[in-house]
Amino acid sequence: MELTPERKQSIRRRLEPLLAGLDPELKFIEVILDSSRENLGVVAQKDDQPVMLRLDFVRYVSMPEAELRATIVRQLQAKGILPTA
Amino acid sequence: MFRWLKQFLIGSPLDTASLHEQRLPKKSALAVLASDNLSSTAYATEEILLALTAGVAAGLMVPLYYAIPIGLGIGLLTLIVVISYGQTLHAYPTGGGAYTVAKENLGVTSALVAGASLLIDYVLTVAVSVTAGIAALTSAFPSLYSHRVALCLAGLAVVLLANLRGVRESAAVFIGPVYLFILSAYALVIVGLIRFGQGAVVPTPAAEGPAAVWNVALVFLVLRAFASGCAALTGIEAVATGVKVFQPPVSRNAALTLYLLAGMLGTLFLGVTVLAYLSGVTPRSDETVISQLGRAVFGPGPVYYVLQGATMLILILAANTSFTGFPRLASVMAQDRFLPRQLSNFGDRLVFSNGMALLSLVAAGLIIAFNASVHALIPLYMVGVFTAFTLSQAGMVVHWRRTRERGRGWRAAINAFGALATGVVLVVVAVVKFTHGAWLIIVAIPMLVLACRSIRRHYYDASRELSLADYEKPAEIRHTAVIPVPDAPNKMVLRAFEYARSISKDVLAVHVNVGDLDREELREKWQAWAPDVPLVVLDSPYRAIHRPLLRFIDELEGWRDDDLITVVIPESVGKRWWHHLMHNQTSLFLKAALFFKPKTIVTSIPYHLRK
């Protein structure tokens with residue numbers, strides 16, 4: 001299932017600076033939504049290591065910035081991209 | 001192309017129903033099963049002499065006439081072993097190799113020790129035989145000596161191909177050289193003894209050794225000579241293992257062949273040993289004892305070259321016995337799940353071709369590792385075979401104790417004596433040859449036993465896991481289809497898209513950007529042909545395609561719960577065989593890497609090129 005270009009742009013605008021703020025080498029690559037419209041996948045890449053961040057699409061829409069940041073940080077730490085606190 | 005080459009080399013496939021037609025009459029079976037045992041007459045005497053003269057450098061002179069009582073001792077041991085194996089054939093008319101006898105009477109561990117010992121011995125037989133055969137050739141033509149490893153590998157390939165053609169065809173190929181060797185070896189012994197009697201063969205001074213003073217070193221040297229000469233016994237068990245190659249009545253035919261074989265072995269081995277002593281021949285690195293005897297008896301004429309040619313052929317063909325024994329034993333062990341199951345499958349020509357290929361590979365490795373040296377390989381040789389002899393005879397003792405057959409008392413006594421005799425020789429061989437390489441086999445046998453047990457444990461665990469006893473129907477399968485794509489769309493890739501859409505609502509295209517392509521330009525190209533499929537463009541700063549792609553698939557596995565990843569790989573199929581060399585290399589590596597991922601399924605979508 002492909003997101004509309006406008007929706008993709010809006011997600012990108014929200015997430016790209018957040019990722020760059022966490023790690024300047026972490027690049028936003030793509031965002032995908034599955035056919036159930038529940039699972040949002042954000043593809044990012046650091047060096048040659050791609051990362052797939054998993055978000056609940058319905059919650060994402062209304063998710064406060066701080067919670068979104070915390071969710072992403074937790075996942076990047078679990079994947080070893082960011083150091084654990 | 002491959003099919004044509006295969007048919008040319010090994011022939012057309014044989015129908016399973018024609019399996020019984022592959023059985024052999026005694027004279028052909030003798031050629032197949034006796035070559036290993038008879039060939040040892042070409043080097044067993046030399047090994048005795050070599051061991052006896054080994055002490056010269058240390059000032060320990062051993063008279064060479066000691067070779068005769070040593071030879072007689074080995075002859076007696078042969079008699080004991082043959083009678084014992086005759087008993088085995090009587091008790092196991094459908095084939096009673098050491099593995100089977102030990103498994104039924106002594107338990108699994110003993111069976112595995114016997115099986116591992118024999119498998120190792122069969123490999124060594126191939127390596128030693130081919131190497132000794134080429135040594136006969138380089139004795140006659142010394143300029144070939146520096147090419148001996150390559151010649152050995154070529155000889156091994158010939159024996160492998162002949163055996164892959166099937167039992168009947170290999171027997172037809174080998175029957176001539178085997179009987180030529182028997183004739184020429186008897187001619188050497190008989191003519192040699194007559195000519196010596198007539199004074200035509202003059203002994204060299206080496207035949208007259210000083211009187212030896214018995215001490216520990218001398219005893220060790222004599223024991224080592226005896227152990228080396230026991231190489232003559234190798235191959236005897238092949239008849240008991242290969243019973244199934246005989247035409248009915250198999251047990252009787254096998255026993256007759258075994259006794260005939262033992263008679264020929266005894267007379268030829270003792271004849272060559274006596275002749276070597278009388279002629280005063282001593283081992284030399286550049287010429288074999290048989291070659292020296294041939295020159296002394298026949299002169300350097302055509303008869304000598306016939307003898308050398310026949311010796312070379314029998315030595316190379318001795319490997320043939322292992323090509324009968326190893327695959328059959330491996331198939332029995334594979335049926336018991338102690339070896340990979342592929343080893344129990346018949347090939348196109350109703351032979352165990354996988355076992356033959358494995359045997360050849362390991363033997364070739366040994367030939368290369370030991371630089372095609374017979375003397376370096378021989379010490380490795382006998383630990384395995386005497387372990388198998390001993391366990392087989394011990395198993396037979398238990399067998400007779402369990403049976404109610406008439407004459408079981410004296411039959412058990414014969415096997416017990418056989419077990420004792422071969423057990424003593426095993427200890428002698430292991431001790432005197434330990435530092436010369438026997439330790440390698442003493443280490444290798446338990447390692448192989450452990451490997452066999454691990455293989456069986458794996459098969460057991462796998463069958464339990466695959467069992468339907470606790471089967472629960474899984475929930476509906478949900479999967480994400482991933483298609484690796486090049487930098488531009490084409491028919492082959494779009495066909496893969498169509499397929500992916502038919503199996504999943506979630507299709508992703510992934511491109512690994514190894515150059516400096518513009519991401520948006522790339523996306524536009526793909527959007528035109530597949531607007532509904534998201535394209536993920538991964539960067540590859542180190543230009544590797546697989547690494548970012550495989551890591552992305554890893555990441556994708558964690559995206560959705562209970563999700564399977566189906567990687568749909570578009571592939572082009574060329575019309576000619578060599579077209580394959582120019583396509584699909586990336587997908588080949590990708591498939592190999594993805595094979596081991598538990599949540600990933602790989603599907604190839606072939607596009608058949610018309611030109």
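Which residue just after α14(B) takes a positive phi? In this predicted model, the residue is Asn371(B), with a phi of about 55°.

## Chain B overall

Chain B holds 22 helices and 5 strands. Its C-alpha trace spans about 100 × 60 × 50 Å along the principal axes.

Of the 611 residues in chain B, 48% count as buried. When contacts in this chain between residues at least 6 apart in sequence are considered, 82% of them join residues at least 24 apart.

## Helix α14

Helix α14 of chain B runs over residues 353-369, 17 residues in total. From its first C-alpha to its last the helix reaches 24 Å, close to the 24 Å expected at 1.5 Å a residue. The positive phi of Asn371(B) comes just after this helix.

The buried residues of α14(B) include Ser353(B), Asn354(B), Gly355(B) and Met356(B) at the start of the list, followed by Leu358(B), Leu359(B) and Ser360(B). Ala363(B), Leu366(B) and Ile367(B) are also buried. Several helices of chain B contribute to the cover over these buried residues, among them α6 (108-140), α7 (148-164), α13 (302-335) and α15 (374-377).

## Strands β2 and β3

Strand β2 of chain B (residues 506-513) pairs with β3(B) in the parallel sense, over 5 bridges. One bridge of this pairing can be named by residue: Ala509(B) has Leu535(B), in β3(B), as its partner. Between the two strands the chain passes through helix α20 of chain B (residues 519-529), and the resulting β-α-β crossover is right-handed.

Strand β3 of chain B covers residues 535-539. The strand is mostly covered, with 4 of its 5 residues buried.

## The side of chain B that touches chain A

How many residues of chain B are in contact with chain A? There are 21, and they meet 18 residues of chain A. On the chain B side, β2, β3 and α21 (546-557) each supply at least two residues. The largest share comes from α21(B), which gives 6 residues.

By class, this side of chain B has 11 nonpolar, 2 polar and 8 charged residues. The parallel strands β2(B) and β3(B) thus appear again here, as each supplies at least two residues of the side that touches chain A.

Terms used:
Residues numbered from 1 in each chain as written. Chains lettered and ligands numbered in written order. Predicted model: local features only at pLDDT ≥ 70, side-chain atom pairs only at ≥ 80, totals over all residues. Expected span 1.5 Å × (residues − 1). Buried ≥ 20, exposed ≤ 12 C-beta atoms within 10 Å, placed from the backbone. Contact = placed C-beta atoms within 7 Å. Pairing = 2+ DSSP bridges. Right-handed = clockwise from strand over helix to strand, strands pointing away. Nonpolar A, V, L, I, M, F, W, Y, C, P; charged D, E, K, R; others polar.
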